[in-house]
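Trainee: Could we go through this protein together, one step at a time? I am new to reading structures.

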Amino acid sequence: HAFLVALLGLATGASAYVAPSGFVSRARSTKAISRSQGHAFALRAPLSSAAHMGTPLASRSSFASPVALRVTNDKEMDVAIQQISMSLASGQKPVVIGLAADSGCGKSTFMRRVTACFGGACKLNPIGRETNTLISDMTTVICLDDYHLNDRQGRKKTGLTALDPRENNFDLMYEQVKALKEGKKVMKPIYNHVNGTLDEAEEITPTPIIIFEGLHPFYDKRVEELMDFKIYVDITPEVKFNWKVQRDHEERGHSIESIKQQIEARKPDFDAYIDPQKNKADCVIQVLPTNLVANDKTHLNVKLIQCKGVDHYAPTYLWDEGSDIEWVPPRNKLASSAPGAGLKIYQKTEKWAGKDAAVIGMDGKYDKIDEMMYVEKQFASTGSKFVGEITKKMLEYEGQPGSNDGTGFLQTITALKVREVYEGIAKVKVPAQAN
C-alpha cells in the first residue's frame, strides 16, 4: 500500500493542552483533512478552534518540526487523529478526578455529562475487544473494577465480594494512578464484566483529565491523595430498594424476598468499605425519597452537598449565598405533574463530615427540561460559560435516568464544576465553543 503521511505542527512551550477543538474530530475530519493516495496531507485546526481564539495556543509563534504519522487505512487515520487530539502538551500533567459510588447508581450517565463539558463524543477505548475505558477528546474514564484481584470464579473460591478490599489490587492501582498523573503510559488490566474474567491488559495514554470511577477510589489513602477533586454519589437505602424492586421485581419478575436477600448480602461490605468514603468527598450527590408526599416511591429528593474550602471549587448557590431558602416555582413557569408541590428547590448550610458545606436541593420533578432555563437563571456560581448552558446540556441527555428531577440538574452543575476545577488547576480555559 502507498503510505499516507499526516503532518502536524505541534506548538512548543505551551503550559497546557487548551481546547479539544484544536484539531478536527472524527465527525469533521473530511472537511479538514485532504486524503490522497500516496501524497502527504496536513491536519489543520478549523477556524472555530482554540488556534484562532485568545488562548495560549493561539499566541504561539514558534513551532517544532512536524510530526509524521504513517497510516495505511481509515481506521489507522482515526487512531492517529485521536492520539493527536488527546495528547498532553509538553510538561503538562493530567488533572485527576475521583468518583465513588455503589454499583447501579447511574455512574455511566453522570460520566457522560462530565466528559461532554470538555468536547467530543464519549466512546469505548477502540482496542477491538471488551473494555471498560471511556475516552473523549480530552478525557479518559477508568473503571476501578479493572483492579479486581480475582476473576468471578476466583471470588467464588475466596467467598469474598468485590466490595471487600482484599479482592482489589490497591498497590497496582496506586502505581498506575501515580504514573498516569505524572504523564506516563500504563498497561492497565481489564475486568471483563460479560464473562467475569481478567483479560489481557490495555495501554492507557494520559489525557488532560483522567477520571477514576468505581467502588474504592478513596479507600486507599495513597490513591486518595492523588485525586485533585473527589465526588461521591450517595443513593440512600430506601431509594436503592425502590429502584431494585422496580427493575428486578416489576420488570424481571424476581420476588421481593429474593431482592431483600440480595441487598442484605451486600450490605455489610458496603457499610464497612464503600459508604465511609463519602466523608472524604469534596462534593456529594445524595438521592433520597421525596418529602413532598408520604409513601411516594417514585419521586426523589436530590441534594448537592458542596464542601467549602476546596481549592478551585466555589459552591453553587440560589439567590443569596449562605441564606436558608425554600422555593416552589409556579407551575405556569415550570410545569410539574408530580403530586403535592410538584417541585421544591431549597438551600441551606450544614456540616458534612465535620466540614462546612453549602447544600442545594430539588425535591419532586419537572415535566419539560427546556423550562429549566427559568430555574437555571436563579442560580449563581454554576460553572456555566453562558446563560442556558445547563439547560442545553440537560437536553442532550433527555430521556436518561434522572433527566426530569434534581439528578439531571445537579449532575450537570457538578460536571460544569469539574470543568471549572480543571481550568483552575491547569490554568487554562476550555472554550465554550468546544462544548
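Mentor: Happily; this is a predicted model, and we will talk about a helix pair, a pocket and a cavity.

Trainee: How are α3 and α11 placed relative to each other: parallel, antiparallel, perpendicular or oblique?

Mentor: Start with the geometry: helix α3, residues 107–116, packs on helix α11, residues 406–426, with the axes 8 Å apart. The angle between them is about 45 degrees. Angles under 35 degrees count as roughly parallel, and roughly perpendicular begins at 65. This pair falls in neither range, so α3 and α11 are oblique.

Trainee: Which residues of α3 make the contact with α11?

Mentor: Look at both sides of the crossing, which is right-handed. From α11 come Gly 408, Gln 411, Thr 412, Thr 414, Ala 415 and Val 418. By class, the contact has 4 nonpolar, 4 polar and 1 charged residues. On the α3 side, the residues are Phe 110, Arg 113 and Val 114.

Trainee: Which element gives the most to the lining of the largest pocket?

Mentor: The largest pocket has a volume of about 1,500 Å³, and 47 residues line it. β11, α7, α8, β12 and α11 each supply at least two of the lining residues. With 11 residues, the top contributor is α7.

Trainee: How many residues of that pocket's lining are charged?

Mentor: Lying nearest the centre of the largest pocket are Gly 104, Ile 235, Lys 240, Trp 243 and Lys 244. Lysine counts as charged, and two of the names you just read are lysines. Across the lining there are 13 nonpolar and 17 polar residues, and the number of charged ones is 17.

Trainee: Which strand gives the most to the lining of the largest cavity?

Mentor: A search of the whole structure finds 5 cavities of 30 Å³ or more, and the largest cavity has a volume of about 60 Å³. Its lining includes Lys 308, Tyr 317, Gln 347, Lys 348 and Thr 349. By class, this lining has 2 nonpolar, 4 polar and 3 charged residues. The strand that gives the most, with 3 residues, spans residues 343–352 and is β16.

Methods: Residues are numbered from 1 along each chain as its sequence is written. This is a predicted model: local features need pLDDT of at least 70, side-chain atom pairs count only at pLDDT 80 or more; totals for chains, interfaces and linings use all residues. Side-chain values use heavy atoms; hydrogens and water are left out. Axes are lines fitted to C-alpha atoms, for helices over the stretch in contact, and angles run from 0 to 180 degrees between N-to-C directions. Helices (H or I, at least four residues) and strands (E, at least two) are DSSP runs, numbered from the N terminus. Angles under 35 degrees count as roughly parallel, over 145 as roughly antiparallel, 65 to 115 as roughly perpendicular and the rest as oblique. A crossing is left-handed if the near helix is turned anticlockwise from the far one by less than a right angle, and right-handed if clockwise. Contact means heavy atoms within 4.5 Å. On a 1 Å grid over the protein atoms alone, a cavity is a set of points where a 1.4 Å probe fits but cannot get out, and a pocket is an open set with protein on both sides within 12 Å along at least five of seven lines; lining residues have an atom within 4 Å of a point. Grid points are joined across faces, edges and corners, and a volume is the space filled by probe spheres set on the points.
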